[in-house]
Amino acid sequence: MDQTTSSATPFPADRLSGHRVFGQLAPQDQALIAAGARTGQHQDGDIVADRDGLHECLHWVLDGQVTLQDSEGKALLELGEGEWFGGGMGAALPVSVVVAKGPCQVALLDLSVLSDVALRAPALLHFLPQHHGHANGPAGSVATRSGGDPALNLMTTPVRSLIKRPPITLSPQTTIRDAAQVMSEQRVSSVLITERDHLFGLVTDRDLRNRVIAAGMDTSRPIADIATLAPMTIDVQNPAFDALLLMARHNIHHVPVLDGQRIAGMITATDLTEQHSTSAVYLAGDVYKQKTVEGLQSISAKVGRLQQNLAAAEASAYSTGHIVTAITDAITCRLLQLGEAQLGPPPVDYVWVAAGSQARNEQTAKSDQDNCMVLDDSYDPALHGEYFRALSQYVCDGLNACGYVYCPGEMMAMTDQWRQPRRRWADYFSRWTGQPDPKALMLTCVFFDLRAVYGQSALLDGLRQDVLAQTRGNTIFLAYMVGNALTHQPPLGMFKGLSTIRSGEHKGTIDLKHTGVVPIVDLARVYALAGGDPAVNTHDRLLGAAAGGAISEDSARDLRDALEFLAFTRIQHQARQIAAGQRPDNFLNPDDISSFERSQLKDAFGVVQSLQGVLGQRYQAGRF
């Protein structure tokens with residue numbers, strides 16, 4: 001089937017500069033993309049793209065609407081202005097043709113041009129799912145080669161692309177019999193209950209079996225009587241990997257999808273299992289099936305192999321960090337569930353909080369544990385202390401057994417000091433930001449990078465907002481943080497050559513973590529503290545720093561590229577060690593890589609050193 005275009009028009013290059021992702025690219029990169037793009041004007045019923053055309057270009061709906069159809073002409077999904085299709089996006093849908101729904105304007109972006117630009121701007125790899133980039137690029141494409149881990153597709157595929165049909169909704173007053181008839185006629189396993197266009201509840205075929213037929217319930221009663229009220233939901237823009245983890249964690253098979261407050265559709269476990277076979281996806285799902293710490297140990301033993309697979313697929317460090325961390329999160333949640341099953345329900349609300357690299361979604365196979373607990377202010381040590389002491393000990397011991405070794409500095413929830421009510425945590429941060437001595441700065445570096453993993457996340461959300469209010473514009477505290485950040489210097493000698501460790505066990509190597517990744521993490525944290533940015537991931541903080549004007553877009557892009565390359569090199573180094581039967585570490589011998597890679601290392605370290613100097617000058621001049 002040939003692609004039909006009623007008329008062609010010049011590509012509106014200004015749309016790139018106004019886009020939230022493409023607008024961050026260098027002007028010359030925007031010009032390259034615009035030069036390789038073309039735009040088509042289509043009328044109602046025109047074929048915008050056939051099956052082959054979908055894979056040749058990335059399509060951008062500039063105006064109007066299009067409908068994605070299967071081979072039988074059945075509408076699968078409607079997309080409107082600002083939305084994307086083709087280029088590997090939404091590969092899970094059996095799309096045969098895309099048809100204009102009324103007059104529309106669609107731009108076609110050349111994938112080879114995007115691939116080249118993505119080497120300089122890894123943000124494209126995240127926001128352009130399944131983009132066919134250069135597999136050998138220093139950033140590592142999120143697109144997998146044959147044999148790569150399919151979790152990368154779920155990691156970068158938006159939930160929106162899994163929606164196969166418009167939502168089927170009924171009112172709460174609909175009878176059970178009528179609802180069952182609708183489900184049979186529509187051939188669906190669930191319906192959404194709405195009231196005044198708001199999601200009210202969810203009814204599945206399992207509810208009909210267990211709550212109606214097995215219980216002998218009168219089918220003339222309203223479906224509100226058997227519904228799951230206020231069901232868990234997910235946003236259309238979330239990655240499909242998040243949807244799978246949500247289903248696995250809570251043992252649910254249907255999740256309503258929201259676009260803001262509007263109901264966009266429904267996805268099921270089947271929609272997700274069609275996307276993978278054996279991968280990180282199954283690994284995460286298997287975690288929640290384990291009933292013992294020994295079972296979780298068997299799962300965690302596969303994380304090294306997982307990182308090898310991701311490295312072999314040349315996945316980006318950004319994607320690898322999120323996927324590996326997701327396994328840690330799942331193991332942590334399951335340990336807490338098992339602990340609560342043994343000890344009983346918690347006497348007061350709490351939230352288990354990840355710190356450090358786990359909080360930032362930047363873990364690798366070589367990780368220790370950093371965590372804490374924020375308890376509700378109704379916590380009474382005399383009444384509740386023993387419960388939370390036992391629960392935190394159980395979880396931290398379980399994590400250690402699973403290979404996430406105890407934190408050498410004892411920054412774990414099992415330590416009494418880091419298992420406190422919210423008001424005590426507020427006192428901690430107030431003291432650290434008000435009197436930033438060396439220990440306070442060290443603790444801030446650990447505990448400012450926090451993310452809720454399990455429990456009442458609102459306990460942490462409010463605390464983080466209060467802390468950001470204290471740090472934003474706090475010039476004295478920020479000056480101390482800058483000084484602390486500058487203690488981690490890249491390993492460059494006087495003449496910009498690589499400076500290796502001179503003695504000891506790791507003589508002749510460079511520490512990719514503490515002299516490579518950590519200095520960028522420290523810079524991004526300072527930018528976030530200064531700007532009041534709630535982001536935790538380093539890449540996201542650098543995006544926020546550029547958007548807020550803390551650094552130029554060029555500088556932020558350089559730092560993101562340096563971070564991606566250094567983290568990617570570290571992951572590949574660890575994967576080689578695992579394959580050789582060695583314990584993974586962060587110490588790379590420069591002689592083990594090519595001269596080209598050594599040159600890139602020096603360039604990356606040079607970027608970090610340069611921006612450390614800029615921050616240092618600003619600190620010395622007191623211009624925060």
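In the predicted model, Glu410 is partly exposed, with a relative accessible area of 48%. This residue is found in the loop between helix H16 (381–401) and strand E17 (419–421). Its backbone is noteworthy in that phi of Glu410 is near 60°, a positive value in a residue other than glycine. Most residues other than glycine have a negative phi. A second case is provided by Arg187, which is likewise not a glycine and has a positive phi of about 55°. Arg187 lies in the loop between H7 and strand E9 (190–195). With a relative accessible area of 78%, Arg187 is classed as exposed, because the relative accessible area required for that class is over 50%; the 48% of Glu410 places that residue in the partly exposed class.

Helix H7, which comprises residues 176–186, packs with helix H8, which comprises residues 205–213. The angle between the two helices is about 145°, and their axes are 11 Å apart. The crossing in which H7 passes H8 is left-handed. On the H7 side, the contact is made by Ile176, Ala180 and Met183, and on the H8 side by Asp205, Leu208 and Val212. Classification of the residues in the contact of H7 with H8 gives five nonpolar and one charged, with no polar residues.

An open sheet is formed by three strands in the order E12-E13-E14, with mixed pairing. Strand E12 (234–235) and strand E14 (262–268) occupy the edges; each has a single partner strand, so one side of each is left without a neighbour in the sheet. Strand E13 (residues 254–259) and E14 run antiparallel and are joined by six bridges. Within this pairing, Pro256 has Met266 of E14 as its bridge partner. Helix H9 (residues 240–250) packs on the sheet and touches E12, E13 and E14. The direction of H9 makes about 70° with that of E14.

Confidence was also examined along the chain. The average pLDDT of the protein is 84, and 88% of the residues score at least 70. Among the segments of low confidence, residues 1–5 have pLDDT under 50 throughout, and the model has 18 contacts beyond four places in sequence for them. Over residues 129–148, pLDDT also stays under 50, and the model has 71 contacts beyond four places in sequence for this segment. Where pLDDT is low, the predicted coordinates should not be read in detail.

Note on methods. Residues are numbered from 1 along each chain as its sequence is written. This is a predicted model: local features need pLDDT of at least 70, side-chain atom pairs count only at pLDDT 80 or more; totals for chains, interfaces and linings use all residues. Side-chain values use heavy atoms; hydrogens and water are left out. Axes are lines fitted to C-alpha atoms, for helices over the stretch in contact, and angles run from 0 to 180 degrees between N-to-C directions. Helices (H or I, at least four residues) and strands (E, at least two) are DSSP runs, numbered from the N terminus. A crossing is left-handed if the near helix is turned anticlockwise from the far one by less than a right angle, and right-handed if clockwise. Contact means heavy atoms within 4.5 Å. Ala, Val, Leu, Ile, Met, Phe, Trp, Tyr, Cys and Pro count as nonpolar, Asp, Glu, Lys and Arg as charged, and the others, Gly among them, as polar. Two strands pair if DSSP finds at least two bridges between them. pLDDT is the predictor's confidence in each residue, from 0 to 100. Buried means under 20% relative accessible area, exposed over 50%, partly exposed in between (1.4 Å probe, protein chains only).
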